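Open the model in your viewer and keep the sequence panel visible. The stops below say what to select next and what is there.

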Amino acid sequence: MKPKFRPVLEMAIEEGVRYGYNRAHKHIENPQESVIVDSIVEQVMNSLDDWFDFDEPKQYPVEGFE
């Protein structure tokens, strides 16, 4: 048996985009574009981490070293 990776990947990305977009608007009515993009990227990566195992450990951004 072989899983269909593309539908799972699409679902994880869509889930992350929707959650990130909604999260960016949670406390701010009109957030800046950079806030929306950062939130979407973060939530897409979190969603992918939920559905896929990566060989490398999670790396959290260190403030000031972006």
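## First stop: a buried glycine

Select Gly16. At 1% relative accessibility, Gly16 counts as buried. Buried means under 20% relative accessible area, exposed means over 50%, and partly exposed lies in between, with a 1.4 Å probe and protein chains only. This is a predicted model: local features need pLDDT of at least 70, side-chain atom pairs count only at pLDDT 80 or more, and totals for chains, interfaces and linings use all residues. Residues are numbered from 1 along each chain as its sequence is written, and side-chain values use heavy atoms, leaving out hydrogens and water.

Gly16 sits in helix 1. Helices here are DSSP runs of H or I with at least four residues, strands are runs of E with at least two, and both are numbered from the N terminus.

Now show what surrounds Gly16. Its contacts, leaving aside neighbours within four places in sequence, are Ile40, Gln43, Val44 and Ser47. Contact means heavy atoms within 4.5 Å. Next, draw a distance from Gly16 to Leu48. Their C-alpha atoms are separated by 7.9 Å, and the two residues are 32 apart along the chain.

## Zoom out: the whole chain

Colour by secondary structure. The protein chain has 2 helices and 0 strands. Of its 66 residues, 18% count as buried. Take the contacts between residues at least 6 apart in sequence: 53% of them join residues at least 24 apart.

Turn on the surface. The chain exposes about 6,300 Å², and carbon and sulfur atoms supply 54% of that. Accessible areas come from the Shrake-Rupley method with a 1.4 Å probe; for residues, only the protein chains shown count as cover.

## The nonpolar core

Which residues make up the largest nonpolar core? Select Ala12, Ala24, Ile36, Ile40, Val44 and Leu48, 6 residues in all. A nonpolar core is a set of buried Ala, Val, Leu, Ile, Met, Phe, Trp, Tyr and Cys residues joined through side-chain atoms within 4.5 Å. Two elements give two or more residues to this core: helix 1 (5–24) and helix 2 (33–51). Helix 2 gives the most, with 4 residues. As background, nonpolar side chains tend to be buried together in soluble globular proteins.

Stay on Val44. Not counting residues up to four places away in sequence, Val44 touches Ile13, Gly16 and Val17.

## From core to surface patch

Move to Ile13. Ile13 is found in helix 1. Buried or exposed, or in between? Ile13 counts as partly exposed, at 35% relative accessibility.

Add Leu9 and Val17 to the selection. With Ile13, they make a nonpolar surface patch of about 200 Å². Patches are made of residues with over 30% relative accessible area and no salt bridge; like charges are joined within 9 Å, and nonpolar side chains (Val, Leu, Ile, Met, Phe, Trp, Tyr) within 5 Å.

## Salt bridges

How many salt bridges does the structure hold? It holds 2. A salt bridge is a side-chain nitrogen of Lys or Arg within 4 Å of a carboxyl oxygen of Asp or Glu.

Select Arg6 and Glu10. Their side chains meet in a salt bridge, 2.9 Å from N to O. The pair lies in helix 1, and because Glu10 and Arg6 are 4 residues apart there, about one helical turn separates them. Glu10 is partly exposed at 43% relative accessible area, and Arg6 is exposed at 63%.

Now select Glu14 and Arg18. This salt bridge has its closest N and O atoms 2.9 Å apart. Both residues lie in helix 1, 4 residues apart, about one turn of the helix. Glu14 is partly exposed at 42% relative accessibility; Arg18 is exposed at 53%.

## Polar residues under cover

Cross to helix 2 and select Gln43. Gln43 counts as buried, at 9% relative accessibility. Outside its neighbours up to four places away in sequence, Gln43 touches Gly16, Tyr19, Gly20 and Arg23.

Then pick Ser39, which is also placed in helix 2. Ser39 is buried, with a relative accessible area of 11%. With the same sequence neighbours left out (up to four places away), Ser39 touches Gly20, Arg23 and Ala24.

## Last stop

Select Val37 in helix 2. Val37 is partly exposed, with a relative accessible area of 40%. Draw one more distance, from Val37 to Ala24: their C-alpha atoms are separated by 8.5 Å, and the residues are 13 apart along the chain.
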